[in-house]
Amino acid sequence: MDDRLTTDATSDQDVAVAAHAGAGASRARKVYVRTFGCQMNVYDSERMTEALSAQGYAGTDALEDADLVILNTCHIREKAADKVYSDLGRIRQVKDARAEAGSDTVVAVVGCVAQAEGSEILRRAPAVDLVVGPQSYHRLPELIARTRAENRPLVETEFSEEEKFAQLPARAPSRSVTAFLTVQEGCDKFCTFCVVPYTRGMEYSRAVADVEREARSLVASGVRELTLLGQNVNGYHGVGPDGRTYSLADLIRHLAQIDGLERLRYTTSHPRDMSDDLIAAHAGEKKLMPYLHLPFQSGADRILAAMNRKHTAREYVDLVSRIRAAQPDLTLSTDIIVGFPGETDEEFEETLAVFAEVGFAAAYSFKYSPRPGTPAEKLGDQIAEDVKSERLARLQRQIERQQKEFAARCVGRTLPVLFEKQGRRPGQLIGRSPYLQSVHAEAPANMLGRLVPVEISSFGPNSLAGVIRPE
Ligand code: 5AD
Ligand code: SF4
């Protein structure tokens with residue numbers, strides 16, 4: 001079972017790959033992409049796929065048909081990394097069967113496991129031809145050609161973020177109403193449990209003009225909502241068109257001027273980088289949604305200090321009060337780790353108490369997973385697996401309860417819903433509320449891509465239902 005509860009699960013998606021193959025369809029080579037982990041990996045998979053489609057690759061979701069298999073991997077917890085190796089076992093069989101039938105297959109492991117484990121992957125999984133870190137995937141077309149020509153596996157794990165964005169082809173037209181846009185990568189915070197500073201590197205912010213160009217091209221192809229992505233997105237400090245450094249709030253205000261763009265979101269943020277100007281943007285910028293994902297990880301100060309989170313539980317709660325004073329409609333989600341080394345029952349109770357006090361509407365919750373090379377891995381007093389499981393189950397019951405309470409409070413309200421896709425039933429559309437909940441309503445297809453007032457009439461475990469109201 002997945003150990004997360006969320007309104008917006010993004011784990012382990014088989015990315016439906018857009019096929020913009022330049023070559024004739026019958027000759028097009030096929031690529032299968034499987035994406036693990038966070039939204040940034042989803043974004044990276046889209047960019048990789050676009051770069052490959054410019055080279056004549058068409059997407060497939062049938063592994064057996066793929067000339068190129070890409071696993072875009074996640075190293076954040078052991079379970080995510082282990083899944084890669086179990087997938088590679090199956091891929092090896094498919095590769096062997098295809099070889100017997102006379103077709104060769106290139107297998108690429110990209111993303112954070114590639115960065116963290118490098119050539120170790122080749123040792124453990126001989127079917128792999130390419131190991132490519134998250135800062136080098138713009139080189140995939142060239143690396144594929146080289147591994148074929150030289151008939152040997154290659155490992156590419158250099159850090160060169162600037163190069164990546166400058167060298168990727170421009171965005172292909174989007175078919176969606178919503179899109180992710182990476183504006184910042186890497187993290188300098190060094191929470192003691194986290195591999196991100198090692199796999200994604202130090203903080204890097206894309207230039208405003210570069211972000212704006214991408215945003216405009218997405219909006220021109222029909223995107224109405226952008227989620228700005230970064231491992232520590234509110235630490236954004238990109239160079240502006242006037243040479244000045246732009247904060248995330250500056251960037252949001254700048255992008256909000258794009259005609260046709262209706263909504264902006266950003267994720268993920270560190271409490272220490274919630275600056276006053278970002279809080280002010282929540283008050284003043286109408287296109288910025290009143291929804292904030294703000295990880296707190298633990299409600300116990302001793303654990304927060306051991307995690308190197310750089311804030312206390314009280315400071316977190318006070319920060320939330322300040323943001324809510326600016327934007328009273330603000331709804332929050334968070335990340336929580338249970339069973340960090342040394343966590344006592346009382347400290348876990350403090351986490352439950354903070355979770356209730358803040359009144360979160362959603363959360364991702366995780367059992368602490370010791371990660372190679374991180375300081376917390378070396379701490380004594382690791383918590384037994386059954387204790388972690390018990391705490392996680394209790395926390396998840398509370399998350400579910402609060403999620404349900406929040407959904408119940410939405411019933412009777414009329415919320416602006418951005419319709420994104422057809423529902424399962426004919427005549428039904430599905431969109432999102434400002435608070436990222438899925439909303440179903442009977443609505444004509446021409447409302448796709450539009451913001452429509454919907455009166456919420458009921459709720460289910462993962463969605464709301466409602467009736468459209470005249471504007
Ligand atoms: N174990 C468990 N959860 C982790 N996270 C990061 N590292 C670990 C780990 N070693 C969680 C944190 C973070 C989210 C993206 O993943 O809650 O905010
Ligand atoms: Fe990892 Fe987030 Fe901490 Fe950075 S702020 S080290 S990405 S948990």
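1. A quick convention before the notes: Ala, Val, Leu, Ile, Met, Phe, Trp, Tyr, Cys and Pro count as nonpolar here, Asp, Glu, Lys and Arg as charged, and the others, Gly among them, as polar. With that in hand, the shell around ligand 2 comes out as seven nonpolar, one polar and two charged residues. Keep in mind throughout that this is a predicted model.

2. Who are those neighbours of ligand 2? The shell consists of Cys187, Lys189, Phe190, Cys191, Phe193, Cys194, Val196, Pro197, His270 and Arg309. Cys187, Cys191 and Cys194 are among the nonpolar ones under this convention, while Lys189 and Arg309 count as charged.

3. Now for ligand 1. Its surroundings are Ile76, Arg77, Phe193, Gln297, Asp335, Ile337, Phe366, Lys367, Tyr368, Ser369 and Arg371. Sorted by class, that makes five nonpolar, two polar and four charged residues. Phe193 appears in this shell and also in the one around ligand 2, so it is worth clicking on when you look at either site.4. Which atoms of ligand 1 make polar contacts with Arg77, Phe193 and Asp335? An oxygen atom of the ligand sits 3.0 Å from an N or O atom in the side chain of Arg77. With Phe193, the partner is a polar backbone atom, 3.0 Å from a nitrogen atom of ligand 1. Asp335 brings a polar side-chain atom to 2.6 Å from an oxygen atom of the ligand. On its own ligand 1 has 400 Å² of accessible area, and the protein covers 87% of that. The elements giving two or more residues to its shell are β16 (331-338) and β17 (362-367).

5. On to helix α2, residues 78-100. Its 23 residues should span 33 Å at 1.5 Å a residue, and the end C-alpha atoms are 34 Å apart, which agrees. The buried residues in α2 are Ala80, Ala81, Val84, Tyr85, Asp87, Leu88, Ile91, Val94, Lys95 and Arg98. Several of these names recur at short intervals, and there is a simple background to that: an α-helix has 3.6 residues a turn, so residues three or four places apart point the same way. The cover over the buried residues of α2 includes β2 (29-35), β4 (68-73), β5 (106-111), α3 (112-117) and α4 (120-124). Just past the helix, Gly102 has a positive phi of about 90 degrees.

6. Helix α14 can be checked in the same manner. For its 26 residues (385-410), 1.5 Å a residue gives an expected 38 Å, and the 37 Å between the end C-alpha atoms agrees. Buried residues in α14 include Leu392, Leu395, Ile399, Phe406 and Cys410, along with Lys388 and Arg391. Among the elements that cover them are β16, α13 (345-358), β17 and β18 (414-422). Right after α14 comes Gly412, with a positive phi of about 95 degrees.

7. A few backbone spots deserve a mention. Most residues other than glycine have a negative phi, and most peptide bonds are trans. Thr267 and Thr268, however, are joined by a cis peptide bond with omega about 5 degrees. Thr268 belongs to the loop between β14 (263-267) and α10 (276-284).

8. Is Lys310 buried or exposed? Neither: Lys310 is partly exposed, at a relative accessible area of 34%. Its phi is positive, near 70 degrees, and Lys310 lies in the loop between α11 (301-306) and α12 (313-326). Asp381, in the loop between β17 and α14, has a positive phi too, of about 60 degrees. Asp381 is exposed, with a relative accessible area of 57%.

Technical notes: Residues are numbered from 1 along each chain as its sequence is written. Chains are lettered from A and ligands numbered from 1 in the order in which they are written. This is a predicted model: local features need pLDDT of at least 70, side-chain atom pairs count only at pLDDT 80 or more; totals for chains, interfaces and linings use all residues. Side-chain values use heavy atoms; hydrogens and water are left out. A residue is near a molecule or strand if one of its heavy atoms lies within 4 Å of it. A polar contact is a pair of N or O atoms within 3.5 Å; within protein, one must be able to donate a hydrogen and the other to accept it, and residues adjacent in sequence count only if both atoms are side-chain atoms. Accessible areas come from the Shrake-Rupley method with a 1.4 Å probe; for residues, only the protein chains shown count as cover. Helices (H or I, at least four residues) and strands (E, at least two) are DSSP runs, numbered from the N terminus. The expected span of a helix is 1.5 Å times one less than its number of residues. Buried means under 20% relative accessible area, exposed over 50%, partly exposed in between (1.4 Å probe, protein chains only). Contact means heavy atoms within 4.5 Å.
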